[in-house]
Amino acid sequence: MVALSKAEAPVTAIGEFKIKLERAPLLKSLARLQSIVEKRNTIPILSHIKLEAAGTTLTLSATDMDLAAVEKIEATVEKKGAVTVPAHTFYDIVRKFTENATVTLDVDSAKGQVKITGGNAKFSLSCLSAADFPVLSEGEMPHNFSLSPKECVNLIDKARFAMSTEETRYYLNGVYLHVGVASEFSGIKGQQSLKAVATDGHRLARIEVPLPAGAKDMPGVIVPRKAVSELRKLIEESAEVVQISLSESKIRFVCGNVTLVSKLIDGTFPDYERVIPTANSKLLELPVKVLSQAIDRVSTISTEKTRGIKFSLNKGNITLAASSPENGSAQEEVPANYAADLIEIGFNSRYMLEVLSQFEGDTAQMLLSDGASPALLRDPADATALYVVMPMRI
């Protein structure tokens with residue numbers, strides 16, 4: 001992305017531009033792109049979406065200077081050209097047109113406006129020159145590989161919930177994508193795998209897939225939270241293979257007619273392997289749904305700030321308990337497969353529920369050492385994932 005200041009911005013005339021297209025594909029594209037545009041911008045052009053028409057294609061572009069998206073959709077182009085329009089207002093207009101409306105966009109260069117027609121509704125929006133819109137500066141991206149939609153969704157969904165939101169530890173505000181030796185439970189032990197890791201210091205999620213061709217020599221990179229979120233929305237609406245290209249400073253995702261380019265977080269991800277327990281030998285097994293529902297019920301009484309809940313493990317069952325001076329107390333016993341010594345350990349109930357929500361199978365495995373050490377959680381139905389939850393004092 002290139003920096004753009006008022007002093008550098010050229011004053012450029014707004015050219016001609018006239019197209020017609022169906023509302024549905026335009027609305028779908030705008031819904032995706034307008035979420036990238038920040039609602040408050042000190043640089044006016046950054047609150048706009050760029051529209052460029054040529055041949056039979058309308059190309060839409062949006063950026064916030066850290067993340068950019070470009071999408072191509074079909075259109076009837078009567079006059080080729082390019083212009084920018086306010087992203088959120090344009091989206092709201094198209095969203096409120098009747099469902100089967102044909103949308104016409106016609107630039108009035110003399111007035112510096114775009115005339116927008118949909119059915120019987122007509123609007124005029126002030127526009128800015130497309131020549132002032134920031135140009136993407138991707139640079140060389142030497143590492144290229146692809147993932148299936150399922151693999152990509154797996155890497156994103158089972159890691160992103162553990163991303164940090166604390167700006168002071170900015171290097172945790174994303175998903176760490178890197179190559180490593182596959183874990184012993186992954187099904188590809190001893191081989192290399194592509195791993196996605198996220199942590200906020202309280203819980204950690206690590207997912208891995210077999211190493212894609214072309215990814216072997218890639219550097220470890222931290223994909224920012226906003227880019228992860230936009231990529232997830234993109235995959236949800238497409239069944240296309242995701243093409244990934246990256247350098248040490250930027251990453252590009254291509255899925256169907258949409259291209260996402262993001263700056264990477266410039267920081268060092270911590271050595272997360274050190275917090276993954278390797279000597280937890282006390283195995284607890286119990287139904288995911290039963291455990292989740294019990295945690296949810298008991299945590300109703302816990303304080304809003306800590307959401308603390310105590311696990312008391314006995315042979316054959318666990319007892320969940322919570323109390324607070326303001327609300328009172330709650331307790332529930334859950335049958336479980338556990339044959340080791342008594343352990344009492346506290347967890348943040350929300351962290352535990354978020355981990356359990358990622359499980360595909362009916363059974364959860366929790367490996368413990370003692371009441372003061374991290375718990376390791378595994379899903380027997382998905383050997384590629386592991387989770388770590390730190391204990392808390394109750």
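Leaving aside neighbours within four places in sequence, with which residues is Ala330 in contact? In this predicted model, the contacts of Ala330 beyond that sequence window are made with Val298, Ile301, Leu320, Ala321 and Ala322. Ala330 belongs to strand 21, which covers residues 328-335. The relative accessible area of Ala330 is 21%, so this residue is classed as partly exposed, the limit for a buried residue being under 20%. With respect to Glu248, Ala330 is separated by 82 residues in sequence and by 50 Å in space, taken from C-alpha to C-alpha.

Internal space was examined next. Two cavities of 30 Å³ or more are present in the structure. The largest cavity contains about 130 Å³ of space. Its lining is formed by Leu147, Cys152, Leu155, Ile156, Val175, Leu177, Ala196, Val223, Val228, Leu231, Ile244 and Phe253. By class, these comprise twelve nonpolar residues, with no polar and no charged residues. At least two lining residues come from each of helix 3 (149-160), strand 11 (174-181) and helix 4 (225-236). Among the contributors to the largest cavity, helix 3 gives the most, namely three residues.

Helix 3 was also considered in its own right. The buried residues of helix 3 are Pro149, Cys152, Asn154, Leu155, Ile156, Asp157, Lys158 and Ala159. Of the residues in this helix, Cys152, Leu155 and Ile156 also appear in the lining of the largest cavity. The length of helix 3 agrees with expectation, because its twelve residues should span 16 Å at 1.5 Å a residue and its end C-alpha atoms are 16 Å apart.

The second largest cavity has a volume of about 30 Å³. Arg32, Ile36, Ala69, Glu230, Leu234, Val258 and Leu260 form its lining. Helix 4, which also supplies at least two residues to the lining of the largest cavity, provides at least two residues here, as does strand 17 (258-263). The lining of the second largest cavity divides into five nonpolar and two charged residues, with no polar residues.

Open space was assessed in addition to the enclosed cavities. The largest pocket has a volume of about 230 Å³. Its lining consists of 14 residues, of which Glu184, Ile276, Pro277, Thr278 and Arg378 lie nearest the centre of the pocket. Seven nonpolar, three polar and four charged residues make up the lining of the largest pocket.

Methods:
Residues numbered from 1 in each chain as written. Predicted model: local features only at pLDDT ≥ 70, side-chain atom pairs only at ≥ 80, totals over all residues. Heavy atoms only, no water. 1 Å grid on protein atoms, 1.4 Å probe; cavity = no way out; pocket = protein on both sides within 12 Å on 5 of 7 lines; lining within 4 Å. Points joined across faces, edges and corners; volume = space filled by probe spheres on them. Helix = DSSP H or I, 4+ residues; strand = E, 2+ residues; numbered from the N terminus. Nonpolar A, V, L, I, M, F, W, Y, C, P; charged D, E, K, R; others polar. Expected span 1.5 Å × (residues − 1). Buried < 20%, exposed > 50% of the residue type's maximum accessible area, 1.4 Å probe, protein only. Contact = heavy atoms within 4.5 Å.
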